[in-house]
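Let's take a walk through this structure together, one stop at a time. Have the sequence and the 3D view open side by side as you read.

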Amino acid sequence: MAEIKLENVTYVYPKGNVTALKDVSIDIKDHEFLVLLGPSGCGKSTMLRVIAGLMKQTEGDVCFDGVDVYDQDARARNVSMVFQSYALYPHLNVFKNIAFPLGNIKGMSKEEIKERVEETAKLLDIEHILNRRPRELSGGQRQRVALGRAMVRNPVVFLFDEPLSNLDVKMRQELRVLISELHEKLGTTFVYVTHDQSEAMQLGDRIAVMDNGVIKQIGEPQEVYNNPNCVYVAGFVGSPKINFFASRFVDRKDHWAVKVMGNVIDIPVSRLPYETEGIKDGGRIISGIRPEDLRLEAVDETSDFEFKASVEKVVPMGAGLHVQLNTNGTSFLSVFLNHTSIEQGNEITVHVDPEVIHLFDPETEEAVTKRM
């Protein structure tokens, strides 16, 4: 299989002199499922193509198992790629579409090709459509065929470029499960590009969050969610999005607190990597509170902070409610489960554990707190 290492990789598009990747370094472990997450134009698809050998980096090194592969194309690297568009041959049936990559392998008999295709089709549960042509298939079936064509060569690396974007919600969920199961069965290195943070959280062993050609943070999904290292990552990972508030440090004489939405909230100073003497009373800070961390009941009466809020809007979301609240002129979103009695115009008491509040430096936008 393959361990992939990118070291100080930069890619500049010749037309327009646009820098798509900026000094990117990352180690992708053998058998790992790595997800590249970010918005359109952040460089994640460019990084995938550089790994594949479809594009040659401007600077830096790409190595497979310690071997520099700059001079190797995608076939020599034994890489298979699955695209957003299915890219199936319309005049060929499913069997021939899947078998197509095997045609260039010398010495492979028709019997071996048939066996390889049938094994692949069985893994993907598409044995019953092998004689159909792409126009006779649903979107989900076409994507399974595209997966089969990538799998049939037994590559050491699978690269996925937003493969589920064209599918409906139900089909996307089904294929996420399938792709995760295939990763376990094949034991191969997967690198997967998406702009969908819920997809990244579900699939990845690790997530690399990208912005403007740079990896902002890389880590296990829950680690990235719990401990975003900057404002950008905190705002991109999590649904619905985190609430940000312009806040201030408050000198409590014996400890420090943070003024959020006009409320002074005690936050243990042990969570702040600042030296105490470096914190000034009234110093600026950005506070981040995730909507799901706001509650109607206190979990710990001694440590939870509570404040009053007026209900501006209530949006039922099945199992719970998305509630727009306002405190001291500041609007923010909360998520409450199984509380159908909340109505617009109500005044409610909201609780938050100070330990779940994220704090960011307003100048660098880097985190100054770490959740345990």
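Thr10 sits in strand S1, which covers residues 4-13. Keep in mind as you look at it that the model is predicted. With a relative accessibility of 13%, Thr10 falls under the 20% cut-off and so counts as buried. Which residues is Thr10 in contact with, once its neighbours within four places in sequence are left aside? They are Thr19, Leu21, Lys22, Asp23, Gln57, Thr58 and Glu59. It is also worth finding Val214: this residue is 204 residues from Thr10 along the chain, yet the two C-alpha atoms are separated by 9.7 Å.

Next, move along to helix H5, residues 169-186. Its N-terminal end is capped by Asp168, which places a side-chain oxygen 3.2 Å from the backbone nitrogen of Lys170. At the other side of the helix, H5 is followed by Gly187, a residue with a positive phi near 60°. Between these points the geometry can be checked by a little arithmetic: at 1.5 Å a residue, the 18 residues of H5 should span 26 Å, and the end C-alpha atoms are indeed 26 Å apart, so expectation and model agree.

Which residues of H5 are buried? The list is Met171, Leu175, Arg176, Leu178, Ile179, Leu182 and His183. The cover over these buried residues includes three helices and strands you can pick out by number: among them are helix H3 (110-124), helix H4 (139-151) and helix H6 (197-203), together with strands S3 (33-37), S7 (157-161) and S8 (189-194).

Now turn to an open sheet of five strands, which pair in the antiparallel sense in the order S13-S12-S11-S14-S19. Strand S13 (263-266) and strand S19 (358-360) each have a single partner strand, so they stand at the edges and one side of each has no neighbour in the sheet. From one strand to the next, the twist averages 40°. To see one of these pairings up close, look at S14 (residues 284-289) and S19, which are joined over three antiparallel bridges. In one of them, Gly288 has His358 of S19 as its bridge partner.

Our last stop is the cysteines. How many disulfides does the model have? The count is zero. Take Cys230: it is in no disulfide, and the nearest cysteine sulfur, belonging to Cys42, is 13 Å away. Cys230 has 9% relative accessibility and therefore counts as buried. Cys63, at 17%, counts as buried too.

Conventions
Residues are numbered from 1 along each chain as its sequence is written. This is a predicted model: local features need pLDDT of at least 70, side-chain atom pairs count only at pLDDT 80 or more; totals for chains, interfaces and linings use all residues. Side-chain values use heavy atoms; hydrogens and water are left out. Two strands pair if DSSP finds at least two bridges between them. Helices (H or I, at least four residues) and strands (E, at least two) are DSSP runs, numbered from the N terminus. Axes are lines fitted to C-alpha atoms, for helices over the stretch in contact, and angles run from 0 to 180 degrees between N-to-C directions. Buried means under 20% relative accessible area, exposed over 50%, partly exposed in between (1.4 Å probe, protein chains only). Contact means heavy atoms within 4.5 Å. The expected span of a helix is 1.5 Å times one less than its number of residues. A polar contact is a pair of N or O atoms within 3.5 Å; within protein, one must be able to donate a hydrogen and the other to accept it, and residues adjacent in sequence count only if both atoms are side-chain atoms. A disulfide is a pair of cysteine sulfur atoms within 2.5 Å.
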